[in-house]
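Here is a quick walk through the fold, written for someone with the structure open on screen. We'll take the sheets and helices in turn, then look at the cores.

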Amino acid sequence: MSGTPARTDADATTDVVCLGESMVTFLPSQPGRLADVPSFGRGIGGAESNVACALAAAGHRAAWVSRVGADGFGDHLVDAIAAYGVDTSAVRRDPARPTGIYFRTATDRGTDVHEVAYYRAGSAASAMSPSNVPYEALFAGRVLHLSGITAALSADCLELLHELTAPSPGRPLISFDVNHRPGLWRGADASPGVLLDLARRADLVFVGEDEAEEAWGVKGADAIREALPEPAVLVVKRGADGATVFSGGPDPTDTVTDVPALRVDVVAPVGAGDAFAAGFLSATLRGLPVRDRARHGHLMAAAVLTVPGDLTDPPARDRADRLAALDDAAWGRLRLGPGWTGDDTEVRTQ
């Protein structure tokens with residue numbers, strides 16, 4: 001890989017580097033169709049920057065690498081993400097292309113009534129390529145976190161992900177969230193194969209059971225592992241049923257760990273996947289057991305699910321550790337609602 005610096009884990013100055021597009025998000029003031037919503041509030045949205053913000057809020061050294069326009073929306077994104085404690089020094093400005101924006105409804109992304117209107121074609125981030133991203137910054141961390149969304153933005157972005165996931169002596173641990181977004185792949189018949197290929201080249205993969213079936217026609221956690229035998233760790237997210245983690249390698253050496261999800265009083269069903277990835281990565285960086293990595297993922301997701309937006313402060317680390325260490329029966333009795341992350345808030349059981 002051209003421009004890739006040789007590094008070892010001991011050389012890393014950052015815990016996790018996240019590469020991908022972030023956009024200014026316009027959040028509805030009330031439920032309903034986009035045609036009927038009278039006003040929108042401004043936020044930020046981007047799978048990879050969400051992960052970086054959550055990790056930084058949890059006390060890790062996180063960096064976000066991307067391109068934004070030389071415009072007010074680009075200023076807002078960089079400032080807002082940096083405010084979480086994320087290193088944004090490697091974000092590049094593009095004077096010829098705008099920062100992407102999008103509008104969404106308040107309903108669950110998985111429902112038929114959910115609407116998203118993207119204005120990201122030709123965005124600054126879609127122009128990312130192997131020739132214009134700072135490889136030194138990308139390879140400065142212990143982990144490089146990527147997602148399938150970036151691969152869908154342009155041919156140049158796809159080429160960049162192919163380079164970053166290629167085996168190389170200077171490569172950090174590659175974390176890849178499949179994040180299959182069918183709307184971004186319209187007209188691109190190769191999208192399922194592209195995402196499968198990228199996932200097979202990663203070290204740690206996150207994929208939803210539903211998106212694996214939609215993208216690859218593969219149903220069930222075991223079948224997904226058969227399709228993805230290479231990653232050392234494969235996390236299959238099963239929604240309300242929890243997560244199944246395959247770790248160690250192909251059969252018969254795999255260890256399979258099933259971790260039930262928490263019961264959550266959901267305020268807004270957005271951002272949970274990114275938060276889960278951040279929680280799992282956080283616990284991975286700390287060397288916690290696989291079960292606790294998934295539990296920290298569930299706890300971080302619960303923090304986001306109980307607020308209106310895509311981002312929120314996670315629970316204090318010592319509190320999250322105590323909850324993650326509960327026995328199976330106590331874990332199963334937890335029920336988390338709005339405000340549960342406060343230091344003096346009682347967590348309900350039932």
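## A helix across the smaller sheet's strands

Let's start with helix H2 (residues 72-82), which lies across strands S2, S3 and S7 and runs at about 65° to S3. Keep in mind that this is a predicted model.

The strands under H2 belong to an open sheet of four, in the order S3-S2-S7-S8, with mixed pairing. Strand S3 (40-45) and strand S8 (116-119) sit at the edges with a single partner strand each, so one side of each has no neighbour in the sheet. From one strand to the next, the twist averages 20°. In the middle of that order, S2 (residues 23-28) and S7 (residues 101-104) pair in the parallel sense, over three bridges. If you want a spot to click on, phenylalanine 26 stands opposite phenylalanine 103 in S7.

## The eight-stranded sheet

There's another open sheet here, this one built from eight strands in the order S4-S1-S9-S10-S11-S12-S13-S14, again with mixed pairing. Its edges are strand S4 (62-65) and strand S14 (255-259); each has a single partner strand, so one side of each is left without a neighbour in the sheet. The twist averages 15° between one strand and the next.

Two helices to look for on this sheet are H1 and H10. Helix H1 (residues 47-57) packs on it by touching strand S1 (14-19), S4 and strand S9 (141-147), and its direction makes about 160° with that of S4. Helix H10 (residues 290-305) touches S13 and S14 instead, with its direction at about 35° to that of S14.

## Zooming in on S12 and S13

Strand S12 (residues 233-237) and strand S13 (residues 243-247) pair in the antiparallel sense over five bridges. One of the bridge pairs joins valine 235 to valine 245 in S13.

Threonine 244 lies in S13 too. Is threonine 244 buried or exposed? With a relative accessible area of 4%, threonine 244 falls under the 20% cut-off, so it counts as buried. Its side chain makes a polar contact with the side chain of arginine 238, at 2.9 Å. Apart from neighbours within four places in sequence, the residues in contact with threonine 244 are Ala221, Leu234, Val235, Val236, Arg238, Val256, Thr257 and Asp258.

## How H9 and H10 pack

Back to H10, which has a helix partner as well. Two packed helices are described by the angle between their axes and the distance between the axes. For helix H9 (residues 272-285) and H10, the angle is about 145° and the axes are 7 Å apart. The crossing of H9 past H10 is right-handed.

What meets what at this contact? On the H9 side, the residues include Ala272, Ala275, Phe276, Gly279 and Ala283. Across from them, H10 brings in residues including Asp292, His296, Gly297, Met300 and Val304.

## Two nonpolar cores

The largest nonpolar core holds 46 residues, and within it Leu19, Leu138, Leu164, Phe176 and Trp216 touch the most other members. Helix H5 (residues 155-165) supplies the largest share of this core, five residues. Leucine 138 is a good one to highlight: leaving aside neighbours within four places in sequence, it is in contact with Val17, Leu19, Val65, Val133, Leu144 and Leu164.

A second, separate core is made up of 43 residues, among them Ile81, Phe206, Ala278 and Phe280. Ala278 and Phe280 also turn up in the list of H9 residues that meet H10.

Technical notes: Residues numbered from 1 in each chain as written. Predicted model: local features only at pLDDT ≥ 70, side-chain atom pairs only at ≥ 80, totals over all residues. Heavy atoms only, no water. Pairing = 2+ DSSP bridges. Axes fitted to C-alpha atoms, helices over the stretch in contact; angles between N-to-C directions. Contact = heavy atoms within 4.5 Å. Buried < 20%, exposed > 50% of the residue type's maximum accessible area, 1.4 Å probe, protein only. Polar contact = N/O pair within 3.5 Å; in protein donor to acceptor, adjacent residues only side chain to side chain. Core = buried A, V, L, I, M, F, W, Y, C linked by side-chain atoms within 4.5 Å. Left-handed = near helix turned anticlockwise from the far one by under 90°.
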